[in-house]
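Visitor: Please pick one chain of this model and take me through it closely, as you would for a colleague at the next screen. I would like to follow how its parts meet one another.

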Amino acid sequence: MSAAATSFTVAGYELAGDRRYDRDRNLWVAERGEGRVRVGFDPLGAETTGDIVAISFVAIATRLTRGAALATVEAAKFVGPLSTPVGGTLLAVNDEVLLAPGRVNADPFGAWLVELGDVDPRDLEQLLTGEKAVAAWFSVAVERFRRQGAIAE
Amino acid sequence: MTATLRVIDAGQVTALRSQALWHGIADAMTPSEDPVLSFCRPAEPYVCVGYHRRLDELDLAACDALGLPVLRRQIGGGPVYLDSDQLFFGLCLPAACAPSSVSRLYETLLEPAAAALRELGVNAHVAGTNDLVADGRKVSGTGAGRIGGGVVVVGNVMFSFPHERMAAVLRLPDEDMRSECLRLMRANVSALPALDEESVKNALRRAYGSAFGRTALPSTPLQHEEAAIARWERRLADPDWTAGPSLPSPVGRQVKVRAGVWVYDGSHEDLHVRTTVEDGRVTVAHVQAPDLNGATTALARAMLGVPAHREALTASLAEFGPAGARVLKALEPGLVVR
């Protein structure tokens with residue numbers, strides 16, 4: 001796993017201990033100081049999205065509120081919006097992911113998608129953090145996806 | 001009261017409306033609405049590209065010469081030639097009711113289409129996530145997306161298909177690649193001329209009604225759906241929309257014909273490689289490199305019959321050392337199939 005100072009395993013998935021998690025969108029948020037964050041898919045989000053072949057992003061400097069469309073993602077000829085887990089201004093997109101979107105599936109924690117600035121700290125508080133809380137949520141999410149047949153047993 | 005599946009049969013419509021219809025129905029969908037099965041046939045031919053495909057995949061001069069407008073859809077997949085010999089079907093349901101992974105979505109929403117074709121005597125099944133295939137040939141192209149409040153899966157049933165026109169509208173490096181694409185299209189994409197439109201629509205109504213446990217009832221677009229369809233007609237006609245999102249230039253040129261079948265033309269530095277993959281294995285390979293004269297034939301031969309995966313090709317090219325690694329580098333982008 002890339003870019004994770006600490007990690008822990010839940011239901012067979014390795015999770016980074018230094019991130020916050022959006023329980024509805026299966027995204028991670030990494031704080032980088034001075035109101036900046038990076039955003040990426042957690043392993044469950046990457047797996048259920050499928051093999052990603054293309055991503056396009058909203059324009060740099062776009063101001064986004066929590067839940068607004070940040071990108072459009074394509075996997076297996078399915079195209080859908082990706083909404084931001086926190087409000088902020090789009091500062092940068094990961095060019096490596098633009099060129100090779102499959103990196104998200106291969107290394108969800110290493111393949112960050114975007115960097116946001118001027119992030120609303122109240123939005124960060126909505127996200128899960130800490131091994132105990134994250135593990136409790138993630139194990140339930142894995143079980144739900146398995147029951148739905150969305151991921152392998 | 002029995003749950004219903006609304007069936008909107010728009011009949012023959014303009015090219016623009018044949019796309020706007022199901023975009024608008026999906027966009028307008030609210031969480032509590034019944035699913036909608038829509039049908040239409042475009043009155044005139046056109047070319048349609050998937051949301052994340054660059055317009056330079058098309059020979060726009062050829063499209064123009066053939067009188068083919070180009071439209072961009074907000075679902076996935078590559079360029080397709082569409083005309084009045086194709087029936088479009090679209091199944092739309094509230095996003096919250098859609099299966100939670102893409103693979104499950106296609107399983108759930110395409111299997112009824114395969115069942116409908118089987119009822120009509122076509123040996124159809126879902127292959128490679130989202131192709132409808134019968135006797136090894138693709139009989140329906142499909143794509144899907146989340147648009148507004150709805151998730152939509154769209155497919156076509158081809159009563160005839162002009163393979164030559166499809167090959168003619170693609171922008172390709174040379175005519176050899178066009179010939180190879182045409183050969184693969186003829187071998188792997190098939191129309192269903194024995195079927196008639198009404199039988200197909202009736203079978204799809206029954207299959208989707210049964211799969212969803214709902215009664216299929218004729219319907220027309222509601223007011224909010226009509227407004228959304230009109231909005232999508234304007235959007236799809238907008239040149240800025242047709243230009244598409246900003247996307248990086250592709251490294252090589254890939255044309256996928258059906259699941260497991262594609263052609264790739266790529267280069268790395270001064271090494272050029274072209275491969276055809278059929279049923280997941282390399283069946284044709286050419287390698288050109290000025291400094292490898294004498295070895296290029298052996299390099300190409302080493303790929304024949306090998307599964308089109310990085311690991312398998314790495315193993316088969318390993319004996320050639322750095323030359324094999326260069327071939328792999330040129331070929332690698334073409335192993336990600338779109």
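Guide: Happily; what follows is a walk through chain B, starting with its helices and ending at the side that touches chain A.

Before we set off, residues are numbered from 1 along each chain as its sequence is written, and chains are lettered from A and ligands numbered from 1 in the order in which they are written. Please keep in mind that this is a predicted model, in which local features need pLDDT of at least 70 and side-chain atom pairs count only at pLDDT 80 or more, while totals for chains, interfaces and linings use all residues.

Let us begin with α1(B), which spans residues 15-27, and its partner α7(B), residues 223-237. Helices here are DSSP runs of H or I with at least four residues, and strands are runs of E with at least two, numbered from the N terminus. The axes of α1(B) and α7(B) come within 7 Å of each other and cross at roughly 130 degrees; the axes are lines fitted to C-alpha atoms, for helices over the stretch in contact, and angles run from 0 to 180 degrees between N-to-C directions. Because of that angle, α1(B) is oblique to α7(B) (under 35 degrees is roughly parallel, over 145 roughly antiparallel, 65 to 115 roughly perpendicular, and the rest oblique). The crossing is right-handed, meaning that the near helix is turned clockwise from the far one by less than a right angle, whereas an anticlockwise turn would be left-handed.

On the α1(B) side, the contact includes B:Leu16, B:Arg17, B:Ala20 and B:Ile25; on the α7(B) side, B:Glu225, B:Arg231, B:Trp232 and B:Leu236 are among the residues that take part. Contact means that two C-beta atoms, placed from the backbone, lie within 7 Å. The residues of this contact divide into nine nonpolar, three polar and five charged (Ala, Val, Leu, Ile, Met, Phe, Trp, Tyr, Cys and Pro count as nonpolar, Asp, Glu, Lys and Arg as charged, and the others, Gly among them, as polar).

While you are at α7(B), have a look at B:Ala227, which lies in this helix. B:Ala227 counts as partly exposed because it has 14 C-beta neighbours inside 10 Å; 20 or more would make a residue buried, 12 or fewer exposed, and anything in between partly exposed, with C-beta atoms placed from the backbone. From B:Ala227 to B:Leu182 it is 45 residues in sequence and 40 Å in space, C-alpha to C-alpha.

Now turn to α3(B), residues 102-119, and α6(B), residues 197-212, which pack at an angle of about 135 degrees with axes 8 Å apart. That angle makes α3(B) oblique to α6(B), and their crossing is right-handed. From α3(B) come B:Pro112, B:Ala113, B:Ala115, B:Ala116 and B:Glu119, which meet B:Ala203, B:Leu204, B:Ala207, B:Tyr208 and B:Ala211 of α6(B). The tally for this contact is nine nonpolar, no polar and one charged.

A further stop is α9(B), residues 296-303, whose buried residues are B:Thr296, B:Leu299, B:Ala302 and B:Met303. These cover an arc of only 125 degrees around the axis, so they sit on the same side of α9(B); the arc is that of the directions from the helix axis to the C-beta atoms. Their cover includes the strands β15(B) (271-278) and β16(B) (281-288) and the helices α10(B) (310-317) and α11(B) (322-331). After α9(B) comes B:Gly305, with a positive phi near 85 degrees.

Finally, we reach the side that faces the partner chain. Here 26 residues of chain B are in contact with 23 residues of chain A. Two elements of chain B give two or more residues to this side, α3(B) and β10(B) (142-147), and β10(B) gives the most, with five. The side of chain B divides into ten nonpolar, 13 polar and three charged residues.

B:Thr142 is a good residue to zoom in on, since its place is in β10(B) and, with 23 other C-beta atoms within 10 Å, it is buried. Leaving aside neighbours within four places in sequence, its contacts include B:Leu110, B:Asn130 and B:Val153, as well as A:Lys77 from the partner chain. A:Lys77 lies in the loop between β8 (69-75) and β9 (78-83) of chain A. A:Lys77 is buried, with 27 C-beta neighbours inside 10 Å, and has a positive phi of about 60 degrees although it is not a glycine.
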